[in-house]
Amino acid sequence: MTRTRILLPLLATSMLASAAFAQEPTEGPETAPVDVRTNLGSGLFDAENAAWNVERIGSVQSPPGFFDPEAVWRLPPEPKPGEARQRPGQIMFANTDLAFSGDRVFMGNFHGFNVFEAPGDGSLNHILSIVCPGGQGDVSVYGDLVFLSQEQNRGRLDCGGGGVSGRSSEERFRGVRIFDISDIDNPRQVAAVQTCRGSHTHTLVPHPTDTNVLYIYNSATSGVRPGSELEGCSNGEPSSNPDTALYSIDIIKVMLDAPEEAAIVNRPRIFADRETGEVNGLWKGGQVADGGQKTNATNHCHDITVYPEMNLAAGACSGNGILLDISDPENPSRISELADPNMAYWHSATFNNDATKVLYADEWGGGLGARCRADDPIAWGGDIIADITEDGLVKRSQFKIPSVQPDTQNCVSHNGAIIPVPGRDIMVQGWYQGGLSVIDFTDSAHPKEIAYFDQGAIDDGTLVLAGYWAAYWHNGRIYAPEIVRGLDVFKLTPSEFLSEAEIAAAEMVTVDVTNPQWQRRIVWPDSPVIAQAYLDQLARADSVGELGLGVETVRELARWEAGRPRTKELARLAASYEEEAQSADAAHAEIMMNLASALRRAGE
Amino acid sequence: MMGSVTAAAAWLAAFSLITVQDAPIVQPGAPGEAATRLTPEASVEMSDAGYTEADIAFMQDMIVHHGQAVEMVALIEARTENEAVRAMGARISLSQSSEIELMQNWLRARGQSTESKLLKSGGHGDHDMGDHKMDHGDKDPMDMPLMHGMLSPRQMKTLAAADGLAFDRLFLSGMIQHHQGALDMVDMLLSDPSNGQDALLSEFLSSIVGDQSAEILRMQTLLSALGSPS
């Protein structure tokens with residue numbers, strides 16, 4: 001249980017962000033400012049770093065067997081005559097996505113995956129390495145099963161090295177693997193579901209009623225393999241090949257009591273034109289508008305984020321951001337889609353907790369390039385924030401980290417997740433070597449950075465692919481996999497943008513499992529800490545209303561915290577806030593109603 | 001308020017106690033098969049996926065391909081004052097030169113020659129490029145580029161003879177054609193899944209696609225800003 005302290009709200013003190021952090025939506029080719037993150041000293045494990053409102057509390061280097069110190073992404077020096085050849089680089093050991101089960105963190109890797117014990121105090125104890133080359137190694141976990149995405153042509157069914165030769169081979173594996181780790185000392189591969197385009201990322205989707213059934217939405221982005229290697233696979237545009245493996249996702253069904261039988265059950269045409277039924281009904285490639293990005297064609301999704309409790313999924317699908325109804329998970333149907341001149345490649349999506357907004361990330365340049373330089377437009381390579389309205393998705397604003405990064409650092413928006421602060425929409429996101437950034441998009445028209453961590457480049461003169469693949473919140477901590485360096489753990493620190501009670505409220509939320517792209521509805525416990533978090537939000541909004549009411553609330557929360565809640569008093573205060581909300585503007589009224597509801601729940 | 005820059009040494013000292021424990025390293029084997037324990041060295045060894053003859057030829061040819069871009073940029077100095085074109089050229093020259101170095105090192109590290117067989121054979125290339133052969137017919141050798149997207153000897157001559165606005169246009173349209181050719185060469189290489197499995201090569205191919213696509217877009221914007229020739 002988290003120990004908390006009741007804070008006195010700072011009445012009548014403006015706590016709005018200073019102008020330096022205001023993040024207005026930009027349409028033109030404006031660029032980011034230089035800040036403390038711009039010129040950090042470089043180094044493999046000793047780079048300078050800058051932390052603002054987060055603290056790094058732990059770190060572990062990539063484990064033995066997943067790191068080649070001689071090859072860390074420098075240009076290989078010329079070998080002396082007669083010397084053995086150099087190892088070809090570090091990308092084959094790149095750390096990728098994370099999944100969490102209790103205190104265990106599963107870190108994907110192009111070379112397999114690693115498992116750590118992470119009790120939350122910053123310690124990271126490495127307990128298992130699975131070697132299975134094939135990239136990119138995005139992971140999910142469910143019970144004793146671990147799921148792994150692989151797409152590269154070198155991937156082998158037996159998880160071996162050395163690659164695969166030939167245009168068609170029975171030894172080649174591209175798709176989703178399933179491992180059983182019930183005996184952590186004796187892990188087994190139980191299934192290997194082959195797919196036409198391999199697996200770049202995947203998302204677990206629970207069956208609405210049958211607890212024995214789990215679906216996997218497979219997003220594949222690379223080349224189509226020939227039918228001679230995998231039956232039913234063929235390439236080409238739908239005009240010449242109606243059966244093309246392009247323009248679909250794979251839906252895999254897993255019976256949890258027989259995971260070895262996992263198989264594809266549908267390849268829905270979710271990009272079809274609503275009127276004509278044409279399979280390639282969405283963005284066809286090219287510039288959406290003059291002066292805009294050259295946007296990829298929509299023939300696949302990069303990532304699909306599901307929110308099963310809301311029957312919704314948000315697909316980041318190359319040339320479009322889409323919204324799907326997944327009430328029948330085997331037959332998702334498209335509700336809405338967005339295209340945008342500033343988006344080069346729709347990469348990933350995150351809902352807010354109420355499923356009224358979606359944040360889509362743009363991976364301009366594929367993550368390999370420096371895209372946060374002084375002359376890179378701030379409207380390119382960042383996030384789009386859209387509201388979900390009765391008319392579908394409506395874009396409200398854009399966000400990119402407000403910091404110029406040097407050309408030695410690959411930087412673009414990448415994977416992230418919601419931080420469960422009640423009453424606010426806050427997210428942490430990895431930006432490769434742009435570091436990690438915490439943004440508040442409660443006001444979807446005005447997203448704002450409220451915390452960050454960044455470190456210098458790996459090398460001074462060369463761009464060495466590195467940085468945070470992702471940043472995810474799990475049970476009170478932020479975990480960020482660094483492509484080359486390993487895994488870092490952070491905690492939030494209080495600031496004018498996030499109070500101690502708001503952080504404590506987020507840290508109270510515990511879940512058994514956290515998977516990338518599988519969002520679960522956050523429910524906060526009944527606690528004075530939650531009420532205090534709302535009270536802090538009113539104070540920050542400079543809207544506590546009548547002075548006496550705030551002071552009384554603080555007093556009653558202190559009693560509640562001490563285990564002696566006066567439910568009648570709390571109910572009376574709740575009624576007062578409900579009354580105040582009648583005359584407040586929408587944003588303030590919502591906080592007041594949240595607070596009232598939290599106060600009432602104390603008596604239940 | 002803006003955050004503190006922490007000395008790296010202090011950070012390292014704070015976490016020096018956290019070291020990686022000896023956890024098992026396991027290769028699972030195919031579904032249903034028994035797993036194998038590996039040493040860290042054996043694991044690292046398995047990352048090497050090898051390379052093909054086509055990979056070698058691609059790198060050898062791309063050195064020549066990139067070399068022409070550097071030659072084109074070298075013309076800029078004496079022929080145009082357009083700042084945007086000069087800046088674009090500087091960026092291209094820098095990245096293509098460093099990539100040439102990378103490709104040479106990649107080949108040398110594998111004990112391979114850095115010379116293109118197309119150059120040795122006198123050119124008119126693309127014979128290693130799958131089924132995308134160019135139809136040369138009875139063309140004048142002056143109009144035959146050595147490989148995909150490269151400027152023909154005549155195009156290079158015309159570019160070298162131009163200056164000012166005419167040069168800017170020829171340079172940008174030529175470099176767009178040149179970059180597009182590199183993208184085509186990557187596509188052709190990867191049309192056989194045996195190719196491009198080597199990790200550094202695979203990474204390099206992706207960066208060619210990412211960077212050159214971005215540069216094409218910039219150059220198209222610059223070109224349209226110059227307006228159409230009167």
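Which residue in E4(A) is the bridge partner of A:Phe100? Keep that in mind as you look around this structure, which is a predicted model. The partner turns out to be A:Val105. This pair belongs to a meeting of two strands of chain A: strand E3, residues 95-101, and strand E4, residues 104-109. They pair in the antiparallel sense, over 5 bridges.

Now zoom out a bit. Strands E3 and E4 of chain A are part of an open sheet made of 7 strands. If you walk across the sheet, the order is E32(A)-E3(A)-E4(A)-E5(A)-E6(A)-E2(B)-E3(B), and the pairing is mixed. Notice the letters in brackets: the list includes strands of chain A and strands of chain B. At the edges you'll find strand E32 (513-514) of chain A and strand E3 (36-37) of chain B, each of which pairs on one side only.

While we're at chain B, let's take a quick look at its make-up. Chain B has 8 helices and 3 strands. Following the sequence, you'd read the pattern as β-α-β-β-α-α-α-α-α-α-α. Of the 230 residues in chain B, 49% are buried.

Back to chain A, and to another group of strands. Strand E31 (residues 486-492) of chain A is a good one to find on screen. It has 7 residues and 6 of them are buried, so the strand is largely enclosed by the rest of the structure. Who are its partners? One is E2(A), which is joined to E31(A) by 7 bridges and runs antiparallel to it. Here A:Glu55 stands opposite A:Lys491 in E31(A). Another is strand E30 (residues 477-482) of chain A, also antiparallel to E31(A), with 5 bridges joining the two. In that pairing, A:Ile478 stands opposite A:Phe490. E30(A) and E31(A) form a hairpin, with 3 residues between them.

Next up: charges. Side chains of opposite charge can pair when their charged atoms come close. Over all chains, a search of the whole structure turns up 36 salt bridges. Let's visit a few. A:Arg56 forms a salt bridge with A:Asp488, and the closest N and O atoms are 3.0 Å apart. A:Arg56 lies in strand E2 (residues 54-61) of chain A and A:Asp488 lies in strand E31 of chain A, so this pair ties together parts that are 432 residues apart in sequence. Are these two residues buried or exposed? Both A:Arg56 and A:Asp488 are buried.

Compare that with the salt bridge between A:Asp512 and A:Arg520, where the closest N and O atoms are 3.1 Å apart. A:Asp512 counts as exposed because its relative accessibility is 52%, and the cut-off for exposed is over 50%. A:Arg520 has a relative accessible area of 33%, so it is partly exposed.

A third salt bridge brings together the side chains of A:Arg572 and A:Glu552, at 2.4 Å from N to O. This pair links distant parts of the chain: A:Arg572 sits in helix H4 (residues 567-583) of chain A and A:Glu552 in helix H3 (residues 547-561) of chain A, 20 residues apart. With a relative accessible area of 36%, A:Arg572 is partly exposed. Both residues also belong to a network of salt bridges, which links A:Glu552, A:Arg555, A:Glu556, A:Arg559, A:Arg566, A:Glu569 and A:Arg572.

What about like charges? On the surface, A:Asp210, A:Asp257, A:Glu260 and A:Glu261 gather in a patch of negative charge. To find A:Asp257, go to the loop between strand E13 (250-255) and strand E14 (263-266) of chain A. A:Asp257 has a relative accessible area of 61%, so it is exposed.

Two last stops show how the chain folds back on itself in space. A:Ser333, found in strand E20 (residues 333-338) of chain A, is partly exposed at 36% relative accessibility. The C-alpha atoms of A:Ser333 and A:Ile270 are separated by 6.5 Å, although the two residues are 63 residues apart along the chain. A:Asp407 is placed in the loop between strand E24 (392-399) and strand E25 (416-419) of chain A, and counts as exposed at 53% relative accessibility. Its C-alpha atom is 8.3 Å from that of A:Gly369, with their positions 38 residues apart in sequence.

Note on methods. Residues are numbered from 1 along each chain as its sequence is written. Chains are lettered from A and ligands numbered from 1 in the order in which they are written. This is a predicted model: local features need pLDDT of at least 70, side-chain atom pairs count only at pLDDT 80 or more; totals for chains, interfaces and linings use all residues. Side-chain values use heavy atoms; hydrogens and water are left out. Patches are made of residues with over 30% relative accessible area and no salt bridge: like charges are joined within 9 Å, nonpolar side chains (Val, Leu, Ile, Met, Phe, Trp, Tyr) within 5 Å. Accessible areas come from the Shrake-Rupley method with a 1.4 Å probe; for residues, only the protein chains shown count as cover. A salt bridge is a side-chain nitrogen of Lys or Arg within 4 Å of a carboxyl oxygen of Asp or Glu. Lys and Arg count as positive and Asp and Glu as negative; His and the chain ends are not counted. The place of a charge is taken as NZ of Lys, CZ of Arg, CG of Asp or CD of Glu. Helices (H or I, at least four residues) and strands (E, at least two) are DSSP runs, numbered from the N terminus. Buried means under 20% relative accessible area, exposed over 50%, partly exposed in between (1.4 Å probe, protein chains only). Two strands pair if DSSP finds at least two bridges between them.
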